[in-house]
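Subject: Structure for you to look at

Hello,

I am passing on the structure we spoke about, with notes on its helix packing and its strands. Please read them with the model open.

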Amino acid sequence: MKEITMSNLNIDAARLWDSLMETAEIGGTPDGGIARLTLSDDDRRVRDWLRAQCDALGMTMTVDEVGNMFATRPGRRADLPPIAMGSHLDTQPTGGRFDGVLGVLAGLEVLRTLDAAGYQTEAPLMLVNWTNEEGSRFAPAMLGSGVYAGVYGRDHADSRTDAAGETFGAALDRIGWRGEAKAGSVRFGAMFELHIEQGPILEAEGRQIGVVTGVQGLRWFDLVMTGTAAHTGSTPMTMRRNALLGMAQVIEGIDRIARSHPDAVGTIGFLEVSPNSHNVIPGEVRATIDLRHPRDAVLDAMEREITDLIRATAEAQELGWRLDPVSRVAPVAFDPGCIESVRAGANAAGLSTRDMISGAGHDAVHAAAVAPTTMIFVPCKDGLSHNPAESTLPEECAAGAQVLLEAVLDYDRRRTNRREDAA
């Protein structure tokens, strides 16, 4: 395995890869993926694993009331707020081994590298594992960081339910990872999140590092269309109120609307048909709608167009409908100082870069509302993510971790110098 040797402090590529493969066994699936849903028993196991690694480094662990984990390594100056690194350890039901996990374990590797070298930063360093980033079990996504940033309240988080009817609060208490710290009380002065790109651009262009300048906005909705469940054999075509037919037309229309706006994406990723029987006309269909674009004005236009589409389709098919907003995240521009440190880190490591806007939402979106924040991307094969075949090479993981190390050290030096100059 290739070692990164571009600077005086070098992460251990083999140790990072071993940690990625070790944690991949927790919730691992036969096809090589991970099904580690948030607040499941496997989530508890990987949290226990991370706590043990942080304890071995002598770090202080704080857990807040929605299960966000914060492990702190002291710096020379206790008066400086920590510089945070992290992401999330929960996965999709058909998740891969790198989405989110790389950001947490690369942060751990940075801390291990500094510990082995006896290197102490000026500011404290912090490793963060955010709760329920994926949103696959409890909607909305990025829930733990959202509560931390004040976007949602704890009661709202606790009341979210999964498909089986269990609440977020009950699941958190059941696995024993509800902390005593109030959400938002554990402060940091900046955050860097390393992540796989989840898209094909870096690989297609042969670039090693994505310098992420911001994240596009997203809007999630729940849509219900209702008709009349009736016998398929005895109900004439002209007298049917088929909810699935109406939903099919909406699905096609959302795709058409998204394609009409440059840089936009629109998806229905979940369908639930009732009664879902071979010889019954569907009487009710539930779906989720996911809209994304770098500009709020375009998202406003798409929302209006889709609402009009649903209304017109329902009227034509004589269906009832309800469209409920689930999540609304505005586009985010990341901090120029953090971005500058990522550029410096990639330059120190001798790695090629490309500026990027993230198409996916990340915990860095909410962190950016409370502290200077940015992200670092590394390639993933064919841009594939949320899939067991998700793949990032060992040297790509190592390159991202090295840039993370260099960026954090650069930011620490720059911020300390600015404070001294101001004094």
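In this predicted model, the axes of helix H2 (residues 41-56) and helix H3 (residues 101-117) cross at roughly 15° and come within 11 Å. Angles under 35 degrees count as roughly parallel, and H2 and H3 are therefore roughly parallel to each other. Their crossing is left-handed. On the H2 side the contact involves Trp49, Leu50 and Gln53, which meet Val104, Leu105, Leu108 and Arg112 of H3. By class, five residues of this contact are nonpolar, one is polar and one is charged.

Next, the hairpin. Strand S1 (residues 60-63) pairs with strand S2 (residues 69-73) in the antiparallel sense, over four bridges. Thr60 is placed opposite Thr72 of S2. The side chains of S1 alternate: Met61 and Val63 are buried and point to one face, whereas Thr60 and Thr62 point to the other and are not buried. Five residues lie between the two strands, and Gly67 in this hairpin has a positive phi near 90°.

Then there is an open sheet of four strands, ordered S9-S11-S7-S12, with antiparallel pairing. S9 (265-274) and S12 (320-329) are at the edges with a single partner strand each, so one side of each has no neighbour in the sheet. From one strand to the next the twist averages 15°. S7 (residues 217-226) is joined to S12 by nine bridges, and Phe221 stands opposite Pro325 in S12. Helix H8 (residues 243-260) lies across S7, S9 and S11 (284-293), at about 170° to S9. Helix H9 (residues 296-317) also packs on the sheet, where it touches S7, S9, S11 and S12, and its direction makes about 5° with that of S7.

Regards

Terms used. Residues numbered from 1 in each chain as written. Predicted model: local features only at pLDDT ≥ 70, side-chain atom pairs only at ≥ 80, totals over all residues. Heavy atoms only, no water. Buried < 20%, exposed > 50% of the residue type's maximum accessible area, 1.4 Å probe, protein only. Pairing = 2+ DSSP bridges. Axes fitted to C-alpha atoms, helices over the stretch in contact; angles between N-to-C directions. Parallel < 35°, antiparallel > 145°, perpendicular 65-115°, else oblique. Left-handed = near helix turned anticlockwise from the far one by under 90°. Contact = heavy atoms within 4.5 Å. Nonpolar A, V, L, I, M, F, W, Y, C, P; charged D, E, K, R; others polar.
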